[in-house]
Amino acid sequence: MTYPTPPGAPVDAASPRERLLAAAARLFHEQGVHIGVDTLCRAAGVSKRSMYKLFNSKDELVAASLEGVAPDYRAALLPPDDDNRSPRERILHVFEQLEHLEPIQQFRGCPYVAAAVQLKSPEHPASVVARRHKDGLTAFFRYEAERAGAHDPDLLARRLTLVFDGASARSVVQAHPLDGLSIETATILLDAAGVRDPLPRNGC
């Protein structure tokens, strides 16, 4: 997961800010948010002085890097808005994508959970960003659950988020594919909440 540079722009033409955000997104996710500023600046080809002109602190850069990966991460996980599948299929799509992405990302897990766990402070700017984006995933689940007529959409959404985060964490610890476990667990929750695919019309 990398911070996107402007379409068509070569990497060496990116601005110092863009290079810093790209390097931060990659290094924080690969090595953790406590990586040193010197290492970060070397990777971005930006001086420390320039970095502190662009960002008031490293904390601010961590938060900005998490904001930067949000569009790509969301697009990789969620179905498109104009997708015409049922709410159940749209929800399961997220877990299918999770299981597909974890091996590709070398079992590094959700960047938001990883950052918040390392920072340990709910008041840290990056923790605030992480919480907002995790709440966004829960909101997606809640919206689809409401559309499907779930018994308790809010409870189902929170349970699905818990499964997502737990599955992501397990893949990190085990460094092994989930083998459909998150999809199976989400399916059980959907069935229990009364979220089923609509019956085909005219028996077709």
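Helix α5 makes the greatest contribution to the lining of the largest cavity in this predicted model, supplying three residues. The helix spans residues 87-104, and it shares the role with α4 (58-77): each of the two provides at least two residues of that lining. The residues concerned are Tyr73, Leu77, Leu98, Leu101, Glu102 and Gln105. By character, four of these lining residues are nonpolar, one is polar and one is charged. The space they surround is modest to describe in numbers, at about 30 Å³. A search over the whole structure returns one cavity of 30 Å³ or more, and readers curious about the approach may like to recall that rolling a probe the size of a water molecule over the atoms shows where empty space is left.

Helix α5 also takes part in the aromatic contacts. Four aromatic pairs are found in the structure. In one of them, Phe95 and Phe141 are stacked, with 5.6 Å from centre to centre and 10 degrees between the ring planes. Because Phe95 sits in helix α5 while Phe141 belongs to helix α7 (residues 125-147), this pair ties together parts of the chain that lie 46 residues apart in sequence. Are these two rings buried or exposed? Phe95 has a relative accessible area of 0% and is buried; Phe141, likewise at 0% relative accessibility, counts as buried.

Phe95 has a further partner in Phe164. Here the ring centres are 6.3 Å apart and the planes meet at 65 degrees, so the pair is classed as edge-to-face, the cut-off for that class being over 60 degrees. This contact, too, links distant parts of the chain, with Phe95 in helix α5 and Phe164 in helix α8 (residues 153-174), 69 residues apart. Phe164 is buried as well, its relative accessible area being 0%.

Which residues do the ring pairs bring together as a cluster? Phe95, Phe140, Phe141 and Phe164 are linked in this way. Within the cluster, Phe95 is stacked against Phe141 and meets Phe164 edge-to-face. Helix α5 thus appears in both parts of the picture: the helix gives three residues to the cavity lining, and it carries Phe95, whose pair with Phe141 reaches helix α7.

Methods:
Residues are numbered from 1 along each chain as its sequence is written. This is a predicted model: local features need pLDDT of at least 70, side-chain atom pairs count only at pLDDT 80 or more; totals for chains, interfaces and linings use all residues. Side-chain values use heavy atoms; hydrogens and water are left out. On a 1 Å grid over the protein atoms alone, a cavity is a set of points where a 1.4 Å probe fits but cannot get out, and a pocket is an open set with protein on both sides within 12 Å along at least five of seven lines; lining residues have an atom within 4 Å of a point. Grid points are joined across faces, edges and corners, and a volume is the space filled by probe spheres set on the points. Helices (H or I, at least four residues) and strands (E, at least two) are DSSP runs, numbered from the N terminus. Ala, Val, Leu, Ile, Met, Phe, Trp, Tyr, Cys and Pro count as nonpolar, Asp, Glu, Lys and Arg as charged, and the others, Gly among them, as polar. Rings of Phe, Tyr and Trp (its six-membered ring) pair if their centres lie within 6.5 Å; planes under 30 degrees apart count as stacked, over 60 as edge-to-face and the rest as tilted. Buried means under 20% relative accessible area, exposed over 50%, partly exposed in between (1.4 Å probe, protein chains only).
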